[in-house]
Every structure is written in structure tokens, then in C-alpha cells.
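Student: Please give me a close look at the salt bridges, with enough context to place them. How many salt bridges does the count come to?

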Amino acid sequence: MSNPHSDQLFALCQQLYQQGTTPNIALLRAKAPGKVSITQAIDAIKRFNSAAKPALKEAGSPPTEAQKIQSLEKRVAELEAAITVLEQRISSVIPEAGAPAPE
């Protein structure tokens, strides 16, 4: 039942969805290489909605608790390093309290 053109439209729907865009008729017709009728676009979107969307959601499963913790620990380390750099820059520009100001 599927022909190469509908397979190409289906793949385009998947690509749009992975980019965070919900495929719709206008978008599909605009992005498709070549002329696409409204019925072809509707058929491709119906096929995508019934088959591919759940599979794509499963492929991008949410991170585990350990992955979240590791990501947050990495982010904290990056922020601490940035703070250290900023403190060094500030101390080189502003003299410490009680230290004589440079003349």
C-alpha cells in the first residue's frame, strides 16, 4: 500500500517530530521535496500518528534518577569552576578590604 513517495513523507514526519515540531499538512507540503497533494499529506500524517509517534516517545525515554544526579553534579562542578574564575577576576580588579589601594 505504501509507495516510495509516501515513505518519504512518513520519514519527513518523523524528522519533524524529532526536531520538536508536530507535523501538519502545511508544514509537510512546504518541507517535502516536490509537489505533495493534501490527501498525500493527510495520509502520511495519519500513518505517522498511528505508528511512529509512540515508538519515537519510547526511544527518547526519560533519564533515570542516576542520570539526573550525574547531570546535576556535573552542572554544579561547572558552576563552581565559573564562580572561582569570577572571584579571581573580581579580586584582580577590586582590592581586598583593608589593603591599600594602588596609586
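Tutor: Start with the fold. Along the sequence, the pattern is α-α-α-α. The secondary structure amounts to four helices and zero strands (DSSP runs numbered from the N terminus, helices H or I of at least four residues, strands E of at least two). The model is predicted, so local features need pLDDT of at least 70 and side-chain atom pairs pLDDT 80 or more, while totals for chains, interfaces and linings use all residues. Residues are numbered from 1 along each chain as its sequence is written, and side-chain values use heavy atoms, without hydrogens or water.

Now the count. It comes to two salt bridges (a side-chain nitrogen of Lys or Arg within 4 Å of a carboxyl oxygen of Asp or Glu). Take them in turn.

One joins the side chains of Asp-7 and Arg-47, with N to O at 3.1 Å. Asp-7 belongs to helix 1 (residues 4-18) and Arg-47 to helix 3, so this salt bridge ties together parts 40 residues apart in sequence. Asp-7 has 33% relative accessibility, so it counts as partly exposed (buried is under 20% relative accessible area, exposed over 50%, partly exposed in between, with a 1.4 Å probe and protein chains only). Arg-47 is partly exposed too, at 31%.

The other pairs Arg-75 with Glu-78, whose closest N and O atoms are 3.7 Å apart. Arg-75 and Glu-78 are three residues apart in helix 4, so about one helical turn separates them. Arg-75 is partly exposed at 46% relative accessibility. Glu-78 is partly exposed as well, with a relative accessible area of 39%.

Go back to Arg-47. Its charged end sits over the ring of Phe-10, 4.2 Å from the ring centre (the rule asks for NZ of Lys or CZ of Arg within 6 Å of the centre and within 35 degrees of the ring normal). Arg-47 therefore appears twice, once with the carboxylate partner Asp-7 and once with the ring of Phe-10.

Follow Phe-10 onward. Ring pairs link Phe-10, Tyr-17 and Phe-48 into a cluster (rings of Phe, Tyr and Trp, the last by its six-membered ring, pair with centres within 6.5 Å). The structure holds two aromatic pairs.

Phe-48 leads on to Cys-13, which is placed in helix 1. At 0% relative accessibility, Cys-13 counts as buried. Beyond four places in sequence, Cys-13 is in contact with Pro-23, Leu-28, Ala-44, Ile-45 and Phe-48 (heavy atoms within 4.5 Å). Cys-13 and Asn-24 are eleven residues apart in sequence, with 8.4 Å between their C-alpha atoms.

Helix 2 comes next. Leu-27 sits in helix 2 (residues 25-31). Leu-27 counts as partly exposed, at 21% relative accessibility. Outside its neighbours within four places in sequence, Leu-27 is in contact with Leu-16, Thr-21 and Thr-22. Leu-27 and Leu-12 are 15 residues apart in sequence and 10.0 Å apart, C-alpha to C-alpha.

Now return to helix 3. Ile-38 lies in helix 3 (residues 38-59). It is partly exposed, at 45% relative accessibility. Not counting residues up to four places away in sequence, Ile-38 touches Ile-25 and Arg-29. For Ile-38 and Ile-25, 13 residues apart in sequence, the C-alpha to C-alpha distance is 6.8 Å.

Finish with helix 4 and the surface. Ile-90 is in helix 4 (residues 65-93). At 51% relative accessibility, Ile-90 counts as exposed. Leu-86, Ile-90, Val-93 and Ile-94 form a nonpolar surface patch, with about 410 Å² of accessible area together. For nonpolar patches, side chains of Val, Leu, Ile, Met, Phe, Trp or Tyr are joined within 5 Å, from residues with over 30% relative accessible area and no salt bridge.

Some totals for scale. Of the 103 residues of the protein, 15% count as buried. Its accessible surface is about 8100 Å², with 58% belonging to carbon and sulfur atoms (Shrake-Rupley method, 1.4 Å probe). Among contacts with a separation of 6 or more, 48% come from residues 24 or more positions apart.

Terms used
Patch = residues over 30% accessible without salt bridge, like charges linked within 9 Å, V, L, I, M, F, W, Y side chains within 5 Å. Phe/Tyr/Trp six-rings, centres within 6.5 Å; stacked < 30°, edge-to-face > 60°.
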